[in-house]
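Please read this note with the model open beside you. The points run from a cavity to the cores and then to a few single residues.

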Amino acid sequence: MKKGIIDQNNKKIFITILVMLALMGLSGVMSWNISHMAEERCWDTLGQSVGQVADEIEIQVNNDQELLESIADIILQQDTIDSPEVQNIIDGFRPNTMTSHIALLLPGDKLMLPNEPIREAGSVLSFEEEAALGRHISGRSVDVRDESRLILRNFVPLIKNVETVAMLYGVVDLSTLPEKFENTAYEGQAAAYIIDGENGEFIMDTWHKSLGKVADFAGREAAKGYSYEQMQQDVFDGNEGYCVFKSKSIGEYLYYYYQPTAINKWQVALSVPESFAFRDVKRTNLLLIGFMAIEVLLLAGYLFWMLQTTKKELYEKQKLAETDVLTGLLNRNSYENNLETYPAKCKNNLTCIYADANGLHELNNTKGHAAGDKMLQTVAHTMQNYFGVTNTYRVGGDEFVAFAKDESPDRIQNKINEINDCLARHDYHASIGTCRQEMPIDMNQMIKQAEEHMYKEKSRYYEQKGIDRRRRL
């Protein structure tokens with residue numbers, strides 16, 4: 001297997017060298033014939049990059065809203081909206097997205113902010129106004145705690161009995177927003193912008209030190225065939241377009257491309273100085289297009305092959321890393337990786353089922369390891385049939401753990417009875433302990449109690465079956 005992997009890697013290296021040599025040869029032939037790049041090529045590059053930034057913004061905003069909705073569901077499960085438990089949720093939020101922190105807007109214009117008592121929202125926020133809008137993202141606003149700080153608010157309503165009881169929102173700090181997006185257009189030299197098409201205000205601007213408005217471009221010298229007025233009208237109308245105007249700070253033309261997004265009436269834009277946009281491209285002709293087409297085909301073919309082989313390798317490695325070879329169940333690595341995800345998957349309760357196959361050691365000694373393996377496989381497949389492929393794990397030699405979400409104690413007990421009956425038909429037996437917790441769930445405590453119940457069942461089994469056990473010895 002190792003030799004096969006090495007051979008495969010050598011093959012990839014060999015193909016990579018061939019591709020690189022081909023590209024180097026083509027680049028050498030083309031380099032002498034490069035001419036001025038057409039303006040359309042610049043717009044194509046900016047347009048593609050703007051689309052990528054717009055897609056990334058939409059993905060991050062949607063991810064944040066899904067995260068906020070999950071937190072809102074957890075808050076709604078608490079006894080009261082303004083309880084200490086809810087405050088702990090607000091305090092304990094640790095951002096890894098656009099959102100810097102979360103807060104709760106309550107009726108009466110009260111605010112639950114991280115790590116401080118409930119306070120008045122003042123003139124900045126109105127519960128009635130925000131609740132009337134439902135799930136939404138605000139325009140550019142100021143922070144309640146520091147009005148010199150510009151922010152956005154991503155609102156999600158908390159609805160109970162068809163009534164909005166609070167508005168959870170995530171705060172996006174506009175001073176750090178550029179750090180959340182990777183702009184690689186023109187080696188990172190292109191400036192990126194987000195503009196609110198409702199009022200022309202900039203939400204993000206990596207070119208200037210402060211956030212202004214589209215109206216600030218008024219009076220700039222535009223290149224022939226372009227106008228500031230058309231650009232401003234496009235922004236407010238939500239149209240895609242481009243413009244060329246002179247920058248006051250560097251004294252040369254900026255190539256400026258803008259495109260609407262699916263978020264509010266936001267427009268995403270990129271600009272690049274003319275000198276940098278046309279730095280390396282001075283000539284273009286049919287020969288260049290022909291060679292570039294060959295390069296693209298070579299790269300596309302190589303990348304397609306590489307992606308297919310890499311995808312296959314990753315799948316196989318991941319399967320080996322996450323699956324128990326003997327039983328086909330998810331293994332302990334998967335168990336430990338997935339453990340903390342279960343509380344978020346439940347609405348009301350979670351049950352841990354901890355099982356131990358009885359008599360494995362004795363069976364190995366008397367009938368051989370093949371017989372022991374067969375018993376483990378039977379126990380594994382039986383538990384998997386009742387608790388599902390994604391919820392059943394082999395966590396030790398003869399130990400198995402399964403989880404059941406939002407199931408009644410009677411239903412769990414019926415499944416356990418059926419498992420025991422199924423195993424008994426094969427002359428096998430497993431000691432099974434359970435523990436059920438309502439939300440909120442302490443996974444460690446629940447698993448520990450289920451394991452303790454399993455050991456009690458195991459002791460009871462051997463006490464009752466002591467003679468049979470000794471006879472098998």
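**Notes on the model**

1. The lining of the largest cavity is made up of Val-61, Asp-64, Met-98, Ile-137, Leu-152, Asn-154, Val-172 and Trp-266. The model is a predicted one. By class, six of the lining residues are nonpolar, one is polar and one is charged. Asp is counted as charged and Asn falls among the polar residues, so the charged member of the lining is Asp-64 and the polar member is Asn-154.

2. How big is the largest cavity? Its volume is about 40 Å³. The structure has three cavities of 30 Å³ or more. Helix H2 (39-76) and strand E7 (150-160) each give at least two residues to the lining of the largest cavity. Rolling a probe the size of a water molecule over the atoms shows where empty space is left.

3. For the chain as a whole, there are 14 helices and 18 strands. The chain has 473 residues, and 44% of them count as buried. Its exposed surface comes to about 25,700 Å², with 52% supplied by carbon and sulfur atoms. Among contacts with a separation of 6 or more, 61% are between residues 24 or more positions apart.

4. The largest nonpolar core contains 50 residues. Leu-46, Leu-177, Met-231, Tyr-256, Trp-266 and Val-272 have the most contacts inside this core. Several elements each supply at least two residues to it, including H2, helix H5 (228-237), strand E12 (253-260) and strand E13 (266-273). Which element gives the most to this core? The answer is H2, with eight residues. Trp-266 also appears in the lining of the largest cavity.

5. Leu-177 deserves a separate look. Apart from residues up to four places away in sequence, Leu-177 touches Met-98, Val-172, Ile-194, Ile-203 and Met-204. Of these contacts, Met-98 and Val-172 are also named in the lining of the largest cavity. There is also a second, separate core, which has 23 residues and includes Ala-357, Met-383, Ile-412 and Ile-416.

6. Which residues of helix H10 (residues 360-367) are buried? They are Leu-360, Glu-362, Leu-363 and Asn-364. An α-helix has 3.6 residues a turn, so residues three or four places apart point the same way. Just after H10 comes Gly-368, with a positive phi of about 95°.

7. Met-439 sits in the loop between strand E18 (430-438) and helix H13 (443-464). Is Met-439 buried or partly exposed? Buried means under 20% relative accessible area; Met-439 has 24%, so it is partly exposed. Not counting neighbours within four places in sequence, Met-439 is in contact with Gln-77, Pro-343, Cys-346, Lys-347, Asn-348 and Asn-349. One of these, Asn-348, is 91 residues from Met-439 along the chain, yet their C-alpha atoms are separated by 5.7 Å.

8. Glu-274 belongs to helix H6. With a relative accessible area of 30%, Glu-274 is partly exposed. Leaving out residues up to four places away in sequence, Glu-274 touches Glu-252, Tyr-253 and Tyr-255. Glu-274 and Lys-246 lie 28 residues apart in sequence, and the C-alpha to C-alpha distance between them is 9.7 Å.

Methods. Residues numbered from 1 in each chain as written. Predicted model: local features only at pLDDT ≥ 70, side-chain atom pairs only at ≥ 80, totals over all residues. Heavy atoms only, no water. 1 Å grid on protein atoms, 1.4 Å probe; cavity = no way out; pocket = protein on both sides within 12 Å on 5 of 7 lines; lining within 4 Å. Points joined across faces, edges and corners; volume = space filled by probe spheres on them. Helix = DSSP H or I, 4+ residues; strand = E, 2+ residues; numbered from the N terminus. Buried < 20%, exposed > 50% of the residue type's maximum accessible area, 1.4 Å probe, protein only. Contact = heavy atoms within 4.5 Å. Areas by Shrake-Rupley, 256 points an atom, 1.4 Å probe, with all protein chains shown as cover. Core = buried A, V, L, I, M, F, W, Y, C linked by side-chain atoms within 4.5 Å.
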